[in-house]
Amino acid sequence: MDHQIDSAMIQMGLLKGEARKAAESADDAFRTFVDQRVDEALQRIGVARTEDVESLTQRLERLEKKLNG
């Protein structure tokens, strides 16, 4: 009976769609996990991220304007 249900679902395309959704969800979860771990590692070793450098650049530009302006 289960085999017939599985076959019918495959024929209707339901199983493939559900399997694809599950794979995409797992992929998203894995990417999030890896991103978090990389961020943590970069923070531990003290590497400046792009956002950090941009923020400091903006602050420096504002200070220079105040001094020169």
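Q: Let's start with one residue in this predicted model. Is Glu 51 buried or exposed, or in between?
A: To read this, take the relative accessible area and compare it with two cut-offs: under 20% is buried and over 50% is exposed. Glu 51 comes out at 48%, so it counts as partly exposed.

Q: Okay, and which residue forms a salt bridge with Glu 51?
A: For a salt bridge, look for a Lys or Arg side-chain nitrogen within 4 Å of a carboxyl oxygen of Asp or Glu. Here the partner is Arg 49, and the closest N and O atoms are 3.4 Å apart. Arg 49 has a relative accessible area of 30%, so this residue is partly exposed.

Q: What other side chain does Arg 49 meet in a salt bridge?
A: That would be Asp 39, with an N to O distance of 3.9 Å. This pair joins distant parts of the chain: Asp 39 sits in helix H2, while Arg 49 is ten residues away, in the loop between H2 and H3. Asp 39 is at 33% relative accessible area, which means partly exposed.

Q: What do Asp 39, Arg 49 and Glu 51 make when you put them together?
A: Follow the shared partner. These three are linked in a network of salt bridges.

Q: How many salt bridges does the structure hold?
A: Three. One of them joins the side chains of Arg 31 and Asp 27, at 3.0 Å from N to O.

Q: Where do Arg 31 and Asp 27 lie?
A: Check the spacing along the helix. Both are in helix H2, four residues apart, or about one turn of the helix. Arg 31 has 52% relative accessibility, so it counts as exposed. Asp 27, at 32%, is partly exposed.

Q: Now for nonpolar side chains: which residues form a nonpolar patch on the surface?
A: Look for nonpolar residues that sit together and still have accessible area. Phe 30, Phe 33, Val 34 and Val 38 do that here, with about 370 Å² of accessible area together. Take Val 34, which is in helix H2 (residues 14-45). Its relative accessible area is 31%, so it is partly exposed.

Q: Zooming out, how many helices and strands are there in the chain?
A: Three helices and zero strands. Going along the sequence, you read α-α-α.

Q: What share of the residues count as buried?
A: Just go by that 20% cut-off again. Of the 69 residues, 1% count as buried. The chain exposes about 6500 Å², with carbon and sulfur atoms supplying 55% of that area.

Q: Last one: where is confidence lowest, and where is it highest?
A: The general idea is that predicted coordinates shouldn't be read in detail where pLDDT is low. Helix H1 (residues 2-12) has the lowest confidence, with a mean of 69, and helix H3 (residues 50-68) has the highest, at 94. Across the chain, pLDDT averages 85, and 86% of the residues score at least 70.

Technical notes:
Residues numbered from 1 in each chain as written. Predicted model: local features only at pLDDT ≥ 70, side-chain atom pairs only at ≥ 80, totals over all residues. Heavy atoms only, no water. Helix = DSSP H or I, 4+ residues; strand = E, 2+ residues; numbered from the N terminus. Buried < 20%, exposed > 50% of the residue type's maximum accessible area, 1.4 Å probe, protein only. Areas by Shrake-Rupley, 256 points an atom, 1.4 Å probe, with all protein chains shown as cover. pLDDT = per-residue confidence, 0-100. Patch = residues over 30% accessible without salt bridge, like charges linked within 9 Å, V, L, I, M, F, W, Y side chains within 5 Å.
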